[in-house]
Every structure is written in C-alpha cells, then in structure tokens.
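I opened this entry to record what I looked up on strand pairing, on the nonpolar core and on the overall totals. The notes follow the order in which I went through them.

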Amino acid sequence: VTIPKVQEVMKCWGKLGRCRTTCKESEVFYILCKTEFKCCVEPKNVPVKPEFSNTDGSLGSSSTV
C-alpha cells in the first residue's frame with residue numbers, strides 16, 4: 001500500500017492567503033511569497049481598495065504622467 005504524499009499548503013497574508021503559481025479567478029495577489037509563488041488572497045481580505053485589477057490578477061494603481 002502506497003501512501004500519497006500530501007503537499008503542504010503554504011499560507012501568507014496573515015494566514016488569509018495561499019501561495020500558488022496561479023491565483024483563482026476570485027483571488028488577487030498583492031505580494032509574493034518567499035518562493036516564486038504569488039500570495040493569492042480574496043479581495044475582501046486586502047485592506048487597500050484597488051483602482052483596477054490587472055489581467056494577471058495583481059493589484060495596481062493608476063498614475064498620471
């Protein structure tokens with residue numbers, strides 16, 4: 001009998017986010033994890049209100065030049 005290896009879930013953002021290579025559609029990433037993964041967080045758990053969300057799921061702010 002082989003026991004499947006359970007992959008440990010890496011938490012971030014005060015344990016409200018999860019480190020993933022790609023965030024789910026309902027999530028945004030605001031910071032990066034210690035690895036190359038993104039810290040994917042539900043928008044309601046992010047204290048800043050983004051002006052827009054980039055197509056890659058990251059939060060952004062507009063600037064006028």
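I began with strands β2 (residues 17-20) and β4 (residues 38-41), which pair in the antiparallel sense over 3 bridges; strands here are DSSP runs of E with at least two residues, numbered from the N terminus, and two of them pair if DSSP finds at least two bridges between them. Within this pairing I noted that C19 stands opposite C39 in β4.

I should record that the model is predicted, that local features need pLDDT of at least 70 and side-chain atom pairs pLDDT 80 or more, and that totals for chains, interfaces and linings use all residues. Residues are numbered from 1 along each chain as its sequence is written, and side-chain values use heavy atoms, with hydrogens and water left out.

I then placed the pair in its sheet, which is open, has 4 strands in the order β1-β2-β4-β3 and pairs in the antiparallel sense. Its edge strands, each pairing on one side only, are β1 (11-12) and β3 (28-32).

Next I looked up the largest nonpolar core (buried Ala, Val, Leu, Ile, Met, Phe, Trp, Tyr and Cys residues joined through side-chain atoms within 4.5 Å), and found 7 residues: C12, C19, V28, C33, C39, V41 and V46. Buried means under 20% relative accessible area with a 1.4 Å probe, counting protein chains only.

For V41 I listed contacts (heavy atoms within 4.5 Å): leaving out residues up to four places away in sequence, V41 touches W13, L16, G17, E27, V28 and V46.

Last came the totals: I found 0 helices and 6 strands, and buried residues make up 25% of the 65 residues.

Terms used
Buried means under 20% relative accessible area, exposed over 50%, partly exposed in between (1.4 Å probe, protein chains only).
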